[in-house]
Amino acid sequence: MKTPVTVLGLGAMGTALAQAFLAAGHPTTVWNRTPGRSPELTDAVRASTVAEAVAASPLVIVCLLVDTTVHDALEGVDLTGKVIANLTNSTPDQARALEATLAGATYLDGGIMAVPAMIGGPHAFILYSGDSAAFERHQADLAVLARPLYVGADAGLAALYDIALLSAMYGMFGGAEHALALMHSAKIPAVEFTEQLLVPWLTAMLGSLPRIAADLDNPSQAAAAGSNLAMQAAAFHNLIDTAVAQGVDPSLLTPMGELLQKAVATGHGDEDMAATIRLLKTNV
Ligand code: NDP
């Protein structure tokens, strides 16, 4: 028999997780604060309390809104012997603090790198950190949801990786949104611009990231910069001036211009983007 699993939380994501477990033949128990959610989960056992849901399975997936919701839901519940895999979005500190409160249970923290429609599909992956033995024991069960990637024993690591990837996504979307606002200000059709120019351009530029990362890891072997920071800083005000002239708020872009100026002012004008990454660190 497949491992029985429990899913706490039937929001958009929790429902997709429960569906994937059911589709793979796992006996699946679900709990949600508001009863009656996701009626399509006809094969799931519905628990009326968190305690009843937790008692039903050795592996308990938690997918609630935020960290405080998880603490509230699990408070006072006997978790002895259970593996708690918390896929609720959290910070590294929240993950470590939650692990410390779960008496008698082993903890895996997870970061879901997918939207609900991707769960169970080939492109979704979930980052895990925490108890390595629990991860190994349940790796095949967790693989039903998405490709499982274990990133380390420190429970906070999955959240750190997750937040890093989300930060990159929001930065990229911020730039793309600004670009679309510029096009929209001139009544240029957004779809054509996006499909024919924006996506190919971003895709091509992403190709430079591994070289920037290599420079960060090994500064002594940094390759000569083809687009040095002094050149980029000198041209950056054109981005701001154009936004203002087009009636577009430049505030998503201005911090990048300030960072380039700082790099030049501190003697890094002939270097590449890795220099700006070092300048972002505030605790050195
Ligand atoms: P939803 O808003 O769809 O669902 C929220 C869930 O949390 C519901 O089950 C809700 O129960 C429950 N909840 C909220 N407040 C409380 C509370 N005080 N006590 C008990 N239960 C509560 O969110 P998602 O399912 O989309 O997201 C769940 C988690 O997954 C979040 O941490 C999110 O960041 C993460 N995630 C989501 C992704 C997405 O694309 N959706 C992608 C990656 C991660 P009720 O039905 O009673 O309101």
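Modeller: Before we start, UniProt positions follow the numbering used here, feature names are shortened, and annotations may be inferred rather than shown by experiment. Residues are counted from 1 along each chain as its sequence is written. The model is predicted, with local features needing pLDDT of at least 70 and side-chain atom pairs pLDDT 80 or more, while totals for chains, interfaces and linings use all residues.

Biologist: Thanks! Which residues does the UniProt annotation "domain: 6-phosphogluconate dehydrogenase NADP-binding" cover?

Modeller: The unreviewed entry in UniProt gives residues 5–147 for it. That stretch is 33% helix and 23% strand, and its end C-alpha atoms are 17 Å apart. Here helices are DSSP runs of H or I with at least four residues, strands are runs of E with at least two, and both are numbered from the N terminus.

Biologist: How many helices and strands does the whole protein chain have?

Modeller: The protein chain has 11 helices and eight strands. Its C-alpha trace spans about 65 × 45 × 30 Å along the principal axes.

Biologist: How is the protein chain divided into domains?

Modeller: Domain 1 is 5–154 and domain 2 is 161–280; these bounds come from an automatic or database domain assignment. Taken over C-alpha atoms, the domain centres are 36 Å apart.

Biologist: What makes residues of domain 1 and domain 2 count as being in contact?

Modeller: Two residues are in contact if their C-beta atoms, placed from the backbone, lie within 7 Å. By that test, five residues of domain 1 are in contact with four residues of domain 2. On the domain 1 side there are three nonpolar, two polar and no charged residues. Nonpolar means Ala, Val, Leu, Ile, Met, Phe, Trp, Tyr, Cys or Pro; charged means Asp, Glu, Lys or Arg; the others, Gly among them, are polar.

Biologist: Which residues are closest to the ligand?

Modeller: G11, M13, R33, T34 and N89 are the closest of the 21 residues surrounding the ligand. A residue counts as near a molecule if its C-beta atom, placed from the backbone, lies within 6 Å of it. The shell around the ligand holds 10 nonpolar, eight polar and three charged residues.

Biologist: Why is K187 called exposed?

Modeller: A residue is exposed if 12 or fewer other C-beta atoms lie within 10 Å of its own, buried if there are 20 or more, and partly exposed in between, with C-beta atoms placed from the backbone. K187 has 6 such neighbours within 10 Å, so it is exposed. K187 sits in the loop between α6 (157–185) and α7 (190–206), and its phi is near 60°, a positive value in a residue other than glycine.

Biologist: And why does S38 count as partly exposed?

Modeller: S38 has 19 C-beta neighbours inside 10 Å, so it is partly exposed: that class lies between the 12 and 20 cut-offs. S38 is in the loop between β2 (28–31) and β3 (45–46), and phi of S38 is also positive, near 55°.

Biologist: How do you know that the span of helix α10 agrees with what is expected?

Modeller: The expected span is 1.5 Å times one less than the number of residues. Helix α10 (residues 254–265) has 12 residues and should therefore span 16 Å; its end C-alpha atoms are 16 Å apart, so the two agree. Just after α10, G267 takes a positive phi of about 90°.
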